Amino acid sequence: MALPVYATFPQRLWHYSYLAFCAVVLFFLVAPLIVVIPLSFSKSPFLHFTPEFLRLDPEAFSLRWYRQMIGDCSAPDITTVCSDRWKDGFRNSLFIAIFATLFATTLGTLASLALSRAYTPFRKALMAIMISPLIVPLIITASGMFMFFAKFQLVATFTGMIIAHTVLGLPFVVITVTATLISFDHNLTRAASGLGGTPFYNFFKIQVPLITPGVVSGALFAFITSFDEVVVVLFIGSQNQITLPRQMWSGIRQEISPTILSAATVLVILSILLLTTVELLRRRSERLRGIRPS
Amino acid sequence: MAIANASSAPILTADGTPLKVSLKRSMRRSKIQALFLVLPAFLFLLVVFILPIGNLLTRSVDDTLVNWQLPLTFQMIADWDRANIPEEELFRAVFVDFTTVNKFFIESNRGSSVNTSDAAWWVAIPPKGPYREAIIQINPAWGDVVTWQPLKEIVDRSLEDTGSEKDNKHNQRRAPFDLCSELTPLTNATCSKLFRALQNWDGNSAPDEPIFAAVYKDLASAQKILTGKSSTRMNYEQPGWKGLVRTSIRAFKKMEGPPYKEAMIKANKRWGEIPFWESLVLMKDNYTMGYYLNAVDRRFDVNKKIQLQSEERRVYVMLWWRTLLISFLVTVGCLVLAYPVSHLLATLPLRYSNLLMICVLMPFWTSLLVRIVSWMVMLQQQGVINDALVWSHLLSDENRLPMMYNFTGTVIVMIQILLPFMILPIYSVMKTIPPSYMRAAQNLGAPPSLAFLRVYMPQTLPGIGAGVILVFIVAIGYYITPDLVGGKDGRMIGNMIAYHMQKSLNWGLGAAMGSVLLGAILILYWIYDKLVGIDNLKMG
Amino acid sequence: MRKSLQFGLAAALGAAIVLPAQAEVTVASWGGAYTMSQQKAYADTWTAGTATFINYNGGLGEVRTQVESGNIQWDIVDVLPHEARVGCDEGLFEELPRDVFTPAPDGTSMDDDTMVPVPNDCVVPQIFWSYVPFYKEGTFQSKGRKPPKTIADFFDVENFPGKRGIHTWANALIEMALMADGVAAADVYDVMSSDGGIDRAFAKLDTIKNDVVFWSSGSKPLELVMSGEVSMALAYNGRIGAAILSEGAPFVVNWDGQVLEEEWLVMLKGTPNYDEALAFMIHASAPEQQAGQAKWINYGPMRRSGLDVIAANEPFFNTGVDIMPHMPNAGVAMANAVFANPDWWADNGDAIAERFTAWMGQ
C-alpha cells in the first residue's frame, strides 16, 4: 500500500490524510480503554484528572480503589462502604461463565458437526435458530426468561443463570466451529478410512485435532459473553448471583466511585490475555489446516 | 464417522440392492444422524429460549384477568348505548362483580359464555354464614364429593413425606397457593383456611359447613387481590380507575341494597363520568390489541375505531423514531469510520495489519461496561475531551460541551462499541479483492477516484451490506448503553421495555413493544440471510 | 486466592443445588449510606437473630416473581410509597397484625403515632426522605444578590442564573413547579387534580427547560453542584446531609418547597421466616430504633415518638452534632412542605410519566 514514487501532490495529500484518518479511528477504538488505566491509580474520588494528578504529584496517586475492590478494609474510608462484593462478583462471574461455557461448547459443537454438512435437513432453518440468541435483543430474551423461569423456580438461582448464559454463548460456538468444519477438507477422513481407519478412530485422530482450535475459540467467545453479560443478570439474577458486570452496573448507576475504574483495568488486562490466546489459536489452526497467510 | 465409511464402500451390496437405493439409504441414515446431533441444542433452545419469548409475546394481547373480575359487567355493557350514563342494571352488575365471589363457583363464568339470566350470579352468600346452602345454590356441583377431591389431593400431596424436612416445609407452604390457583386465576393468593379445613376432611363424606366457610373466606381474600390487580390494568386504559376502585370498595361495604346507581355516584362522582364506562367497553374481551396501539400512541375509542392518543401522552412514536434515528446514525457512523480502516487492514502487509487488527478486536473483547465507563471519563463535562479543549483554549471553561448523558453521548459510545461489527465483514470481503483489479483499471486510463468507484467499491458491497445490517440489528435493540449514558434524550425503545417490565409492571405494554421490535429485527435478520447467508457470520 | 476461589466455587455450587437453610432474616434495601444506617440502627441492635441487608434496584418486578413462583429469597423489602400500596393491593405482601407493634411511650399505637395515614395493614413505618433544592455556598454571592431562599427562586433563572440539576422522572417536580407558581402547599394536590393543573405545572417547568441538566443516580446532583456545572440542584436530602455532616461539604439546603416521600417495610407473602421477619419488623419500627437511624443519616423517622427520642438526646448524630436541623420532617423544614400523595400518583403516575418523557425528549 506504499505510495508510488511518481505520485502527484494531491495524491500524496490524499494518501496521507487517508492514513491519518485511519490512525484517528484506531485511536478512537483503543484510547478510551487506555484512559481508565492511569485514572484508576488516582487518589481523588472523582472520575476526572485532577491538576495534582497531571503534575505527577506522588500525593495524588494511590492504590486505595484497588484495595477497596479486593475488600481490604484495613484503611477505613468514610466516603465509601467497604465490602466483599467485587470479590463475590468475580467469583460468581467465573463460576457461571465456566459452566455456561462447558454446556454451550458441548451442545454447540455437536450441533455444528451436523450443521456443517450440506445434506442435513432444514440446515438453514436450524442454523438460523441456533444463531438467533445473538440477534434477538437481550432485553427481550431477558424479559422472556424472567417470566418463564419464574414458573420453574429458576429465577435467582445459579442454575437459571447458567442456563441463560448457555443460550447466549451457543451462537458463538456454532459460528466458530461451523466455520472451522466447513473449511475442513473431508477428503482427509475419506483418505483415512480408505487406509483402513475406523470411523471412531478417524474422528478422534483427524477431525478432533483439526477442529479443536475452532472449538476452543468458540468456547472463549462463549466465556467472554457470559463473563460480560449484564442484562440477563439484571432480570433473573439476585444478590446471591451478583456478577462482576452487575456490580459494575450498579456502581455506575448508583455510586460512581473510581473502584469501577480499577475493576475496568483488571478486565482490560484480562481481555488482552484472552485476545492473545484466540489470536494464537487462530494461527495454529491455520497452520494445521495448511492455510498459508495470503 | 460412519458417513464417510458408508459412502466410500458400497461398490457392491451383499443383498444385491441397487447402488442408488443403497446410497439413498445411507444418505437417510446420515441425515437422521445429523438431526440427532442438532437435537440437544435445538431442544434446549426451544425450551429455554423460544418458548419463553413466545410466552412473553402472548402477554401483549392477554386481557383475561380483568375479565375474571368483571364477567357480568362486561356481558351487560355490550347493550349500553354509549352516550348516556348507564342504567341501574349495569351499576348493579358492577356492584355484584366487585363484591361477590360467585364467579369462582360458576362454571361458565368467562367471556361470552356468561349467562346473566342465570340466577346463580345473583345468589347472595351471607357474609357471616351459613355458606354451604348458598354455595350449593350457586352451583350444585359443590355439593358433590368429586368436586372437592382434586383439592383434597393437592392437600394430601403436600403432606406426603419427601424425606427432606426442608422440602416438606416448602410443599406445605406452597399448598395454599396451589389451592387458590386451582380455584382462581391468581398465583399469589393463599387458600390457607381451606388448606386447614381440607386436612380434617376424610375425602369421602359429604363436605360440611367449615369447609364451605373456609373456601368462602379464602376466595373473598383472593377476590381482593384480583381487584387490586385488575384495577391496575383498568388504570392503564383510563387514569383514575385505581382510586375509583379503592374508594368504591370501601363504600360498597356500607351499601345496603339496590338501587346502586345513585349511591355509587354519590360515593365517587367518577361513576357518573362517561369515559370510565367507555374504558370498560374496551377491556371486555379476553384478548386486546390495546397494548399494541398504546405502543404506537394510538388507542381505541368506544366504537373500536383507532384514534390518536391524547397529545401530551404521545411518547412512543417519538421513541421509535429516535431509536431508528440513533440506529441509523450509528450505522452510518460505523460505515464511514470502518470503510477506510478495513481498506487499510486489507491492503497492508500481514505483519502490520495483524497488529492493527488487535486494535480493532481489543474493544470487542473488553467488557461493555468497561467501555461505557471509559467513555464517561472521556466525554463528561469535566472529562478528558472537554479538559483538553479548554486547556488548548478552543473552548472557554463556561462553554464545556455536553457530550454525555444525552443523544450525542449515546451515538458516540454506540459507534465505538459496534465499530468492530462493521470492520470485520467489510475487511473479510476486501481481503478477497485482488489489488491487480485497481491497477488494471488505472493502467487502462481511469483516474484513481473513478477506478475506485467503478471497480473497487462495487466489489465491497456484500461486505458493506453485511456490516450495515448487522450493526443496525444490534443497535436497534440496545438497552444497557442508552440506559447508562442516554440521560434526557438518548434513551431508546429497549429502555422503555425494561421500564415497563421492571418498574411500572405494565407487562402487556412492554411485551407489545417487545414484539414490534422483535418483528422488525426478524425481518432484518431474514434480509441478512438472503443477502449474506447466516453461515457467513464470522467472529474475528 | 486459589483456596478462596475453590471455596467460592463450592459455596456457589451448593447454592445452586440445595438452598441454604435460612435461619436468618433477609432484608432487601437500596444500598449505600442508607442501608448502612439500617444495618447499624436495626440489625446491629437486634439480639434475637441476624438480619442481612442486600441491595435491590427497586420496583416490584422481582417481588412479584418471587411471590408468584414461591421461590422466596427476601423476607422483608424496603419499599417506596407507590410500591407499598400496589404490592399490598395485589397480594404480594403479608398483612400484618397491628397490635403487636411497640406503641409510643404515651401509649399511642404505632399507626396513630405515624405522621401520615398508614395506607394498609401490610406496611410498617420507616423514614421520610425528601426531594430538596440545594446549592454551594457562595455561588450567588459573587453576583451581588441575595442567595435563593424559596422554591420560586429555584425556578427563577433570571435572578439566580446558572443551570439547574433535576431528576429524570416527574415525581416531586410537578408539586414543586406548582408551589413555585404560587400554589400553597396544602392546595397542591387539589390543583393537580383539577383541569389544567398539570398543564400549569408543565408550563412552569418549561421556564427552566433550557437550563436543565438531568440526573438519574443519587450521587450525580452533588457532583454537578460541586463542580459548578449547575448552580442549584434537587437531590435526596440524605445525600446532601451526608456530604455536609460527614465530609463538611459547603452545601446550603433550602427546605422551602420540599416534597417528602414515605419509605415502608413490608414482608413478602409466603416467606418461610414469617415469625422471625415479624419480630425484626417489630424491633425496627420501635421508637428507639426509628430514632437510631438518624445517628447515621438525616432521614426523618416516620413516628413522632422517634423524633422525640432524637430531640431529647441531642447532639444525636454520630459525629457529635445536632441532627434535628437536618431532619426533613421537623421544625423549619416543614414550614412549606408537601407530603407526596401516593394515591394521586397511583391514579395518574403512568400518564404523567409518559408526558414527562415526552417533555424531556422535546
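**Chain contacts, cores and local geometry of the predicted model**

The contact between chains B and A takes 80 residues from chain B and 81 residues from chain A, two residues being in contact if their C-beta atoms, placed from the backbone, lie within 7 Å. On the side of chain B that touches chain A, helix α2 (residues 19–58) of chain B supplies the largest share, 19 residues. Helices (H or I, at least four residues) and strands (E, at least two) are DSSP runs, numbered from the N terminus. By class, this side of chain B that touches chain A has 58 nonpolar, 16 polar and six charged residues; Ala, Val, Leu, Ile, Met, Phe, Trp, Tyr, Cys and Pro count as nonpolar, Asp, Glu, Lys and Arg as charged, and the others, Gly among them, as polar.

The model is predicted: local features need pLDDT of at least 70, side-chain atom pairs count only at pLDDT 80 or more, and totals for chains, interfaces and linings use all residues. Residues are numbered from 1 along each chain as its sequence is written, while chains are lettered from A and ligands numbered from 1 in the order in which they are written.

Confidence in chain A is given by pLDDT, the predictor's confidence in each residue, from 0 to 100. Chain A averages 83, and 91% of the residues score at least 70. Among its elements, helix α4 (residues 85–115) of chain A has the highest mean pLDDT, 92, and helix α2 (residues 51–54) of chain A the lowest, 77. Over residues 76–80 of chain A, pLDDT stays under 50, and the model has seven contacts beyond four places in sequence for these residues.

Turning to the interior, the largest nonpolar core has 293 residues, and those with the most contacts inside it are Val373(B), Leu418(B), Val471(B), Ile76(C) and Val266(C). Such a core is a set of buried Ala, Val, Leu, Ile, Met, Phe, Trp, Tyr and Cys residues joined through C-beta atoms within 7 Å. A residue is buried if 20 or more other C-beta atoms lie within 10 Å of its own, exposed if 12 or fewer, and partly exposed in between, with C-beta atoms placed from the backbone. Helix α20 (residues 407–430) of chain B gives the most to the largest core, with 16 residues. Apart from this core lies another, of 32 residues, among them Phe104(B), Tyr131(B), Cys191(B) and Phe195(B).

Within chain B, and leaving aside neighbours within four places in sequence, Val471(B) is in contact with Val330(B), Thr331(B), Cys334(B), Leu418(B), Phe421(B) and Met422(B). Gly467(B) lies in helix α22 (residues 448–476) of chain B. With neighbours within four places again set aside, the contacts of Gly467(B) include Phe421(B), Met422(B) and Pro425(B). Gly467(B) counts as buried because 30 other C-beta atoms lie within 10 Å.

In chain C, strand β3 (residues 76–79) points Ile76(C) and Asp78(C) one way and Val77(C) and Val79(C) the other, and all are buried. In a regular strand, side chains alternate between the two faces of the sheet. β3(C) pairs with strand β1 (residues 25–29) of chain C in the parallel sense over two bridges, two strands being paired if DSSP finds at least two bridges between them. Ala28(C) stands opposite Val77(C) in β3(C). With strand β9 (residues 258–267) of chain C, β3(C) pairs in the antiparallel sense over four bridges. The bridge partner of Ile76(C) in β9(C) is Met267(C).

The domain assignment of chain C gives domain 1 (23–128 + 261–334) and domain 2 (130–260 + 336–361), with bounds from an automatic or database domain assignment. The C-alpha centres of these two domains of chain C lie 26 Å apart. Their contact takes 21 residues from domain 1 of chain C and 18 residues from domain 2 of chain C.

Some backbone details complete the picture. The peptide bond from Pro258(B) to Pro259(B) is cis, with omega near 0°, and Pro259(B) lies in the loop between α12 (241–254) and α13 (261–267) of chain B. The bond from Glu314(C) to Pro315(C) is also cis, with omega near -10°. Ala156(A), although not a glycine, has a positive phi of about 65°. Ala156(A) lies in the loop between α6 (138–151) and α7 (158–182) of chain A and is buried, with 24 other C-beta atoms within 10 Å.
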